[in-house]
Amino acid sequence: MKPPSFSGWVLSLASCFACVFAAPIASAAELDLQGSRLVVSGMLDGTAIKEFTDQLGSGTVHTVVFEDSFGGTAEAAGAYADAIRASGVQTEIRGQCMAACAYAFLAGKTHRFGYGLQVNGILLPVASRPTAAELAIRWRGEEAHKTLADFTPTTNSAAKPVEASAPPVVKDNWQPDHGVLFTASPTLFGRIYNTYYCDGTQGRDFSKCERLADADPYKLGVLTP
């Protein structure tokens, strides 16, 4: 069977990006328990961490589904990831999962894109464009957790004291729309997986991001079989 043309795929992808990734920024995280699946949507800003941890601690949740979660803070990302890792649950993405959501997602025993006709995408924030070598190890095992340090404010006790009147310097947790984007788009020929580097200048038009070659999400450990 003849595969789709590249030009046709680009037009289709651009349309998918426009439909899926132009969604408005969501409010605080909302939890919805559906049998053994706990659906998490909205920003991971820390407001639902206790409820989330309690739900996972009950032992009835087998899969955490992140659905259109548009980011949050590095602190919340770490808390969600710790709860997921401690409970040994699986994680899944339906729709869009960005920044804080992405790191929480990677903590699952298995982490996969959900089935269905929707376009699934995960945006993992990066401080700078990763090399091919960095991509190969960046999101595997504990390395995925360590990368949170790039976005977490740190203090250095050995640093030179600053004037008491000087305002504290706080590092932004995430740069909006800046990172490595992995997508899975449904077609008549099966799902097409692609990876992009987005420097943030594209705004909400992710079709302008740079396509990365040899960045299969399964090979890089972002998705598990």
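So, pLDDT is the predictor's confidence in each residue, on a scale from 0 to 100. I start there since what we have on the screen is a predicted model. For the protein chain, the mean pLDDT comes out at 80, with 78% of the residues at 70 or more.

Where does confidence in the chain sit lowest, and where highest? The low end is helix α1, residues 6–20, with a mean of 39, and the high end is β2, at 97. Residues 1–20 stay under 50 throughout, and the model gives them 21 contacts beyond four places in sequence. There is another stretch like that: over residues 155–172 the pLDDT is below 50 too, and here the model has four contacts beyond near neighbours in sequence. Please keep those two in mind when you look at the picture.

Okay, disulfides. How many does the structure hold? Two. If you number the bonded cysteines along the chain, they pair 1-2, 3-4.

Take cysteine 97 and cysteine 101. Their sulfur atoms are 2.0 Å apart, and the S-S torsion is -110°, which makes this link left-handed. Both ends are hidden: cysteine 97 has 0% relative accessibility, so it counts as buried, and cysteine 101, also at 0%, is buried as well.

Now the other bond, cysteine 198 to cysteine 209, where the sulfurs sit 2.1 Å apart. Left-handed or right-handed? This disulfide is right-handed, because the torsion about its S-S bond is about 110°. Cysteine 198 belongs to strand β8, residues 190–199, while cysteine 209 is in the loop between β8 and β9 (210–211), so the bond ties together parts that lie 11 residues apart in sequence. Again, both cysteine 198 and cysteine 209 are buried.

While we're around cysteine 198, have a look at aspartate 177. This residue is in the loop that runs between α6 (142–146) and β7 (178–187). Buried or exposed? Buried: its relative accessibility is 12%, and the cut-off for buried is under 20%. So what does an aspartate touch in there? Leaving out neighbours within four places in sequence, aspartate 177 contacts Met98, Leu123, Cys198, Gly200, Gln202, Gly203, Arg204 and Phe206. Note Cys198 in that list, one half of the right-handed disulfide.

Next, some backbone oddities. Which residues have a positive phi without being glycine? One is aspartate 68, with phi of about 50°. Aspartate 68 lies in strand β3, residues 63–69, and is partly exposed, with a relative accessible area of 32%. Another is alanine 99, where phi is near 55°. You'll find alanine 99 in the loop between β4 (90–98) and α4 (100–105). Alanine 99 is buried, its relative accessible area being 11%.

On to helix α2, residues 49–57. Which of its residues are buried? Phe52, Gln55 and Leu56. Looking down the axis of α2, those buried residues fall within an arc of 95°, so they line one face of the helix. The general rule behind this is that an α-helix has 3.6 residues a turn, so residues three or four places apart point the same way. And what does the buried side of α2 pack against? The partners are β1 (30–34), β2 (37–41), β3 and α3 (74–87). Remember that β2 is where confidence is highest, and β3 is the strand with aspartate 68 in it. Turn α2 around and the face pointing away from the buried side carries Lys50 and Gly57, both exposed. After α2 comes glycine 59, and its phi is positive too, near 85°.

Last item, cavities. How many of 30 Å³ or more does the structure hold? One. The volume of the largest cavity is about 30 Å³. Its lining is made up of Ala81, Arg85, Tyr103, Leu106, Ala107, Ala144, His145 and Leu148. Which elements give two or more residues to that lining? Those are α3 and α6. We met α3 a moment ago as one of the elements that the buried residues of α2 pack against, and α6 is the helix before the loop with aspartate 177.

That's my tour. If you want one thing to take back to your desk, try the cysteines: two disulfides, one left-handed between cysteine 97 and cysteine 101, one right-handed between cysteine 198 and cysteine 209. Happy to take questions.

Notes:
Residues numbered from 1 in each chain as written. Predicted model: local features only at pLDDT ≥ 70, side-chain atom pairs only at ≥ 80, totals over all residues. Heavy atoms only, no water. Helix = DSSP H or I, 4+ residues; strand = E, 2+ residues; numbered from the N terminus. Buried < 20%, exposed > 50% of the residue type's maximum accessible area, 1.4 Å probe, protein only. Contact = heavy atoms within 4.5 Å. Disulfide = S-S within 2.5 Å. Arc of directions from axis to C-beta. 1 Å grid on protein atoms, 1.4 Å probe; cavity = no way out; pocket = protein on both sides within 12 Å on 5 of 7 lines; lining within 4 Å. Points joined across faces, edges and corners; volume = space filled by probe spheres on them.
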